[in-house]
Amino acid sequence: MGSRPDDFVVVLDFGAQYGQLIARRVRECRVYSEILPCDLPLEKVLSMRPKGIILSGGQASVYDPDALTYDPRLFSCGIPVLGICYGMQLMAYLLGGQVTRAEKAEYGRTELTVLDDSDLFKGLNPQLICWMSHSDVVLKPPPGFTVTARTANAPVAAMSDQSRCLFGTLFHPEVTHTPWGVEIIRNFLYDWCQCRPVWTPQNFVQSAIEEVRSRVKNGQVLCALSGGVDSATTAALVYNAVGDQLISIFVNHGFLRKGEAESVLDTFRTRLKIPVIYVDASERFLKAIKGVTDPEEKRQIIGKEFVRVFEEEARKLGRVRFLAQGTLYPDVIESGTGYAARIKSHHNVAGLPPDMELDLIEPLRYLFKDEVREVAEELGLPPEIAWRQPFPGPGLAIRIIGEVTGERLALLREADAIVMEEIRRAGLYRQLWQAFAVLLPVRSTGIKGDRRTYGYTIVLRAVHSEDGMTADWARLPYEVLDRIAVRISNEVNGINRVVYDITSKPPATIEWE
């Protein structure tokens, strides 16, 4: 699901730390991009008819015997290519340049001198700041290339062969620490790839509706509705495409936040006028994960149970063939694709059973979260849905470390409700990517009313992020932290300690499981 626009760019992933950021920066220029593994054959890539190809960074040295490489015919196929860091080194190495270990590695903020401003650096100053992260350098560019920028320790910090539309930067234009990086990417896309800025919410909605309508025809579609922006946007989009052929089902798996089921049903039935079937399967899900402590196993079980519930509902309705769900691009990437290692199995991707009976419709599968919010607004969804903070499909089950029990769920619901009340009260909700509570199965001694307690620990997690792929912990005001800790300790019987997670992603993930 999800057709590509005519103007799009492929990002070949060589195990880059910033691979997702490359795709995002391209999309910020209103050009569609897609990350593909570097072992995808050249013929397959060319058959997709991209307007340009970007080679990502990577962790290895191009001259290592087991280094990731690519078909050198890529550089003579007539498609503009931009190599970034490892990608530039690989381009130089395969085309006869000299790549070697640097005498002085460059990491972080670096001064860059532009030597030629006729291509990537068009319109930019000759002295720039860039972000480096390399220990190898190109000592000599390949035949036909011009050195377009240098640094104190890198004689070839950028290079180009305009006749073949081949470009390389040793620095990372995709990170925000390279202030003019997006202009470099824009010059590549517009001037050399001849891409048009047509990747807009309006165009996406129109093409997605047409594709859903073409695929579904007269069939019926079940939509896995959770109330979050992803599933809500999916439901609204599919409803715009096929109308009453959509049957939205809201499954209460028992891992929802306080009052969430009532709120979701009211929003969709009353405000959006979208019919919703409510299924209370809380006891079934809790029983399915009874005694399970491994987070991957939790996700797999919950994903399987979700599908089984939808299949059962589909049988009751008869002649239902499709299941629509709000899978996003980060879900796909983190679940493991090509050289992007599996971080966690998202229940709606790797957690799906292989023998499921329904065909999937995933119109948002190649969107990042911020793009989904734009689409939600384009579809007319209210701000409280369009800007709702992410909530994982498995819900509170993966915010309870270890075994999930009814007692622990009740404690976490109350603590989480306090967190959200205080975050909203402080006017921080829209500023944060996510804020939530995690329950640790760790008890410690405390004092309440001059009596000894032995209660659980709540972890407060609050982060800033652009797309969920990376995140930084939020520096919440002390008075907000104080109110949250005092209220949870006083109001939630069974909790006597609150701690704050100050770890960024990476090395941590946003969710604890």
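User: Let's start with one residue. Where is the place of Thr178?

Analyst: This is a predicted model, and in it Thr178 sits in the loop between strand 9 and helix 4 (181-192).

User: How do I read its environment: is Thr178 buried or exposed?

Analyst: Go by the relative accessible area, where under 20% counts as buried. Thr178 comes out at 5%, so it is buried. Leaving aside residues up to four places away in sequence, Thr178 touches Ile129, Cys130, Trp131, Phe171, His172 and Pro173.

User: And Arg164, what is its relative accessible area?

Analyst: The value for Arg164 is 31%. Since the band between 20% and 50% is called partly exposed, that is the label Arg164 gets. Arg164 is in the loop between strand 8 (158-161) and strand 9. Its contacts, again not counting residues up to four places away in sequence, are Phe75, Leu95, Pro143 and Phe145. For a sequence-versus-space check, take Arg164 and Ile79: 85 residues apart in sequence, yet 8.2 Å apart in space, C-alpha to C-alpha.

User: Now the cores. Which residues have the most contacts inside the largest nonpolar core?

Analyst: The general idea first: in soluble globular proteins, nonpolar side chains tend to be buried together. Here the largest nonpolar core has 162 residues, and Phe121 and Ile423 have the most contacts inside it. Another core, of nine residues, lies apart from it, with Trp433, Phe436, Val438 and Leu440 among them.

User: What does Ile423 touch, beyond residues up to four places away in sequence?

Analyst: Ile423 touches Leu428, Tyr429, Leu432, Ala435, Leu476, Val480 and Ile484.

User: On to helix packing. At what angle do helix 5 and helix 11 pack?

Analyst: Helix 5 (residues 201-216) and helix 11 (residues 369-378) pack at about 75 degrees, with axes 9 Å apart. Angles of 65 to 115 degrees count as roughly perpendicular, so that is how helix 5 and helix 11 lie to each other. At the contact, Pro201, Gln202, Phe204 and Val205 of helix 5 meet Glu374, Val375 and Glu378 of helix 11. By type, the residues of this contact are four nonpolar, one polar and two charged.

User: Last thing, confidence. Which elements have the lowest and the highest mean pLDDT?

Analyst: Helix 10 (residues 329-334) has the lowest, 70, and strand 9 (residues 166-169) the highest, 98. Over the chain, the mean pLDDT is 89, and 94% of residues reach 70 or more. For residues 335-351, pLDDT stays under 50, although the model has 59 contacts for them beyond four places in sequence.

How values were computed: Residues numbered from 1 in each chain as written. Predicted model: local features only at pLDDT ≥ 70, side-chain atom pairs only at ≥ 80, totals over all residues. Heavy atoms only, no water. pLDDT = per-residue confidence, 0-100. Helix = DSSP H or I, 4+ residues; strand = E, 2+ residues; numbered from the N terminus. Contact = heavy atoms within 4.5 Å. Core = buried A, V, L, I, M, F, W, Y, C linked by side-chain atoms within 4.5 Å. Buried < 20%, exposed > 50% of the residue type's maximum accessible area, 1.4 Å probe, protein only. Axes fitted to C-alpha atoms, helices over the stretch in contact; angles between N-to-C directions. Parallel < 35°, antiparallel > 145°, perpendicular 65-115°, else oblique. Nonpolar A, V, L, I, M, F, W, Y, C, P; charged D, E, K, R; others polar.
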